[in-house]
Amino acid sequence: MNLGSRSQVKSYVRQGLVTVNGALAKSPDRQVDELSDKIAFRGEPLCYKKFVYYMMNKPVGVVSATSDRAEHTVVSLLGKDAKEGIFPVGRLDKDTTGLLLLTDDGGLAHRLLAPRKHVDKTYRVTIAHILAEGDVRRLEEGLDIGEEKPTLPARVTLLEDTEILLTIQEGKFHQVKRMLQAVGNQVLALKRVSFGGLDLDETLRPGEYRELTEEELERLSGDAGVEMTTATEDRESRRRNGGTAPDSGQATEHAERKACRTGGNGR
Ligand code: URA
């Protein structure tokens, strides 16, 4: 449900463009229950979304931050969709391209980034020199990059002489560059192609973004260890709990979104 700013919404209500449960909304101050009330704008049912989730193909030259004095940020690329509270989930270096998730769902982001979750991140890496067998073994077994502990086991897929896929489970500062450096190599170009169960939509040109599909969000939530709940299960669970959601709301949020997509609660 994103009709615009608070004042825009008020103006739509005053113009008679909004209905609640089929009746014209008369006052902009009327309280609605986003879950049970059926709200429509110009006759079109609105879908309630508590959080937004965007997949971006990050371009080179933009920093993974919400704001920066000197540089363009990934959030500024969202333009009018840069709603308050939105931030990139993790960081890609300024010269790294590819899959970046942006959301205002702090709970999901926290879970995806928690070191104990070991969420896979796969990078397509252009390197300066052909990898020797021993280098591949060291990268895969885990190696010293100057941290307290060696890196966790990784996976290497050789694509071309100087082109590899590298899947890592952590997200240490400059990790891929430091891993390649540790085997005497050098990263010439770096692109993230997947994050957990999410693959970069290659139809997105650098700088473009789109909302995640429900399926993508479910896969990602699975990676973060969030149990999914159907809208019916959620309503039943709320009823048993005296109208309140059973946990902090993550599963409930997905149930609401799912209900939107399937029209499960009529919206
Ligand atoms: N590893 C790096 O070295 N840089 C990135 O941007 C991501 C992973």
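In this predicted model, Asp223 touches Leu112, Val119, Gly196 and Gly197, leaving aside residues up to four places away in sequence. Asp223 sits in helix H5, which spans residues 214-223. Asp223 counts as partly exposed, with 19 C-beta neighbours inside 10 Å. The cut-off for a buried residue is 20 or more, so a count of 19 does not reach it. Arg111 lies 112 residues from Asp223 along the chain. Even so, the C-alpha atoms of Asp223 and Arg111 are separated by 8.7 Å.

Leu112, one of the contacts of Asp223, belongs to helix H2. Within H2, residues 106-113, the buried residues are Leu108, Ala109 and Leu112. These three cover an arc of only 100 degrees around the axis, which means that they share the same side of H2. An α-helix has 3.6 residues a turn, so residues three or four places apart point the same way. The face of H2 turned away from the buried side carries Gly106 and His110, which are exposed.

Helix H3, residues 133-141, can be described in similar terms. Its buried residues are Asp135, Arg138 and Leu139. Seen down the axis of H3, they fall within an arc of 100 degrees, so they line one face of the helix. What does this face pack against? The buried residues of H3 pack against strand S9 (155-160), strand S10 (163-168) and H4. The exposed residues Glu133, Gly134 and Glu141 are carried on the face of H3 turned away from the buried side. Just after H3 comes Gly142, with a positive phi of about 110 degrees.

Strand S10 also holds Leu166. Is Leu166 buried or exposed? Leu166 counts as buried, because it has 23 C-beta neighbours inside 10 Å and the cut-off is 20 or more. Leu166 touches Tyr123, Val125, Leu139, Ala154, Val156 and Val176, not counting residues up to four places away in sequence. Among these contacts, Leu139 is one of the buried residues of H3. Val156 is 10 residues from Leu166 along the chain, and their C-alpha atoms are separated by 4.8 Å.

Val176, another contact of Leu166, is also one of the residues around the ligand. The others named there are Leu92, Asp93, Thr96, His174, Gln175, Lys177 and Leu190. By class, this shell has 3 nonpolar, 3 polar and 2 charged residues. Which helix supplies the largest share? Helix H4, residues 175-182, does so with 3 residues. The shell also draws on two domains. At least three residues come from each of domain 2 (49-116 + 199-223) and domain 3 (120-195).

Two residues other than glycine take a positive phi. Asn21 has a phi near 50 degrees. Asn21 is found in the loop between strand S1 (18-20) and strand S2 (23-24). Asn21 is exposed, with 12 other C-beta atoms within 10 Å. Arg42 likewise has a positive phi, of about 50 degrees, although it is not a glycine. Arg42 lies in the loop between strand S3 (39-41) and strand S4 (44-45). Arg42 is exposed too, with 9 other C-beta atoms within 10 Å.

The protein chain as a whole contains 7 helices and 13 strands. Of its 267 residues, 29% are buried. Among contacts with a separation of 6 or more, 62% join residues 24 or more positions apart.

Confidence varies along the model. The mean pLDDT of the protein chain is 85, and 82% of its residues reach 70 or more. Over residues 228-235 the pLDDT is below 50, and this stretch has 18 contacts in the model beyond near neighbours in sequence. Over residues 258-267 the pLDDT also stays under 50. The model has 19 contacts beyond four places in sequence for residues 258-267. Where pLDDT is low, the predicted coordinates should not be read in detail.

Definitions and conventions. Residues are numbered from 1 along each chain as its sequence is written. This is a predicted model: local features need pLDDT of at least 70, side-chain atom pairs count only at pLDDT 80 or more; totals for chains, interfaces and linings use all residues. Helices (H or I, at least four residues) and strands (E, at least two) are DSSP runs, numbered from the N terminus. The arc is that of the directions from the helix axis to the C-beta atoms. A residue is near a molecule or strand if its C-beta atom, placed from the backbone, lies within 6 Å of it. Ala, Val, Leu, Ile, Met, Phe, Trp, Tyr, Cys and Pro count as nonpolar, Asp, Glu, Lys and Arg as charged, and the others, Gly among them, as polar. Domain bounds come from an automatic or database domain assignment. pLDDT is the predictor's confidence in each residue, from 0 to 100. Two residues are in contact if their C-beta atoms, placed from the backbone, lie within 7 Å.
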